[in-house]
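Colleague: Please take a close look at a single part of this model, the packing in its interior. Which residues of the largest nonpolar core touch the most other members?

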Amino acid sequence: MSSTDKWELYEDKKGEWRWRRTASNGNIVGAATEGYTNKADAIKNAERYGYNDKFDPAGKWEFYVDKAGEHRWRHTATNGNIIGAASEGYSSKAACLANAERHGYKEA
């Protein structure tokens, strides 16, 4: 995890809790894929990806190329719910992997 990343927990327009992670250059490098009724649930989701220096990489990590030809990742829980995903597409697979590693992915 980059120690210069900034974490933000906030309420969206629907009154649901979300998180986003911003790099020192201002780019959003991670964000909640859904809103949460309780702030504690948003925190728990953020902790899967390094918030409070915690990681929970359990589940399935998938890497793919989207319709625009950009590399992306998504993280699926054991129940099949998507619990994390790249917040943007990457021109190279290496850049996509680096972003996933920032969120707790470890190559087997």
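Modeller: Helices and strands here are DSSP runs, H or I over at least four residues for a helix and E over at least two for a strand, numbered from the N terminus. The model is predicted, so local features are used at pLDDT of at least 70 and side-chain atom pairs at pLDDT 80 or more, while totals for chains, interfaces and linings use all residues. Numbering starts from 1 along each chain as its sequence is written, and side-chain values rest on heavy atoms, without hydrogens and water.

Two helices and six strands make up the elements of the chain, in the order β-β-β-α-β-β-β-α from the N terminus. Of its 108 residues, 36% are buried (under 20% relative accessible area with a 1.4 Å probe, protein chains only; exposed is over 50%, partly exposed in between).

The residues you ask about are Trp-7, Trp-19, Tyr-49, Trp-61 and Trp-73, in a core of 19 residues. A nonpolar core is a set of buried Ala, Val, Leu, Ile, Met, Phe, Trp, Tyr and Cys residues joined through side-chain atoms within 4.5 Å. Two or more residues of this core come from each of β2 (17–22), α1 (39–47) and α2 (93–102); α2 gives the largest share, three residues.

Trp-19 shows how these parts meet. Beyond its neighbours within four places in sequence, Trp-19 is in contact (heavy atoms within 4.5 Å) with Trp-7, Glu-8, Leu-9, Tyr-10, Gly-30, Ala-31, Ala-32, Ala-42, Asn-45, Ala-46, Tyr-49 and His-103. Ala-42, Asn-45 and Ala-46 are also among the buried residues of α1, as is Glu-47. The buried side of this helix is not confined to one partner: the buried residues of α1 pack against β1 (6–11), β2 and β6 (82–85).

Past α1, the loop that leads to β4 (60–65) holds Gly-50, which is buried at a relative accessible area of 1%. Its C-alpha atom lies 12 Å from that of Gly-84, 34 residues away along the chain.

The segment after α2 contains Tyr-105, which counts as buried at 15% relative accessibility. Leaving aside neighbours within four places in sequence, Tyr-105 is in contact with Trp-61, Phe-63, Leu-97 and Ala-100; of these, Trp-61 is one of the core residues that touch the most other members. From Tyr-105 to Pro-57 the C-alpha distance is 6.1 Å, across 48 residues of sequence.
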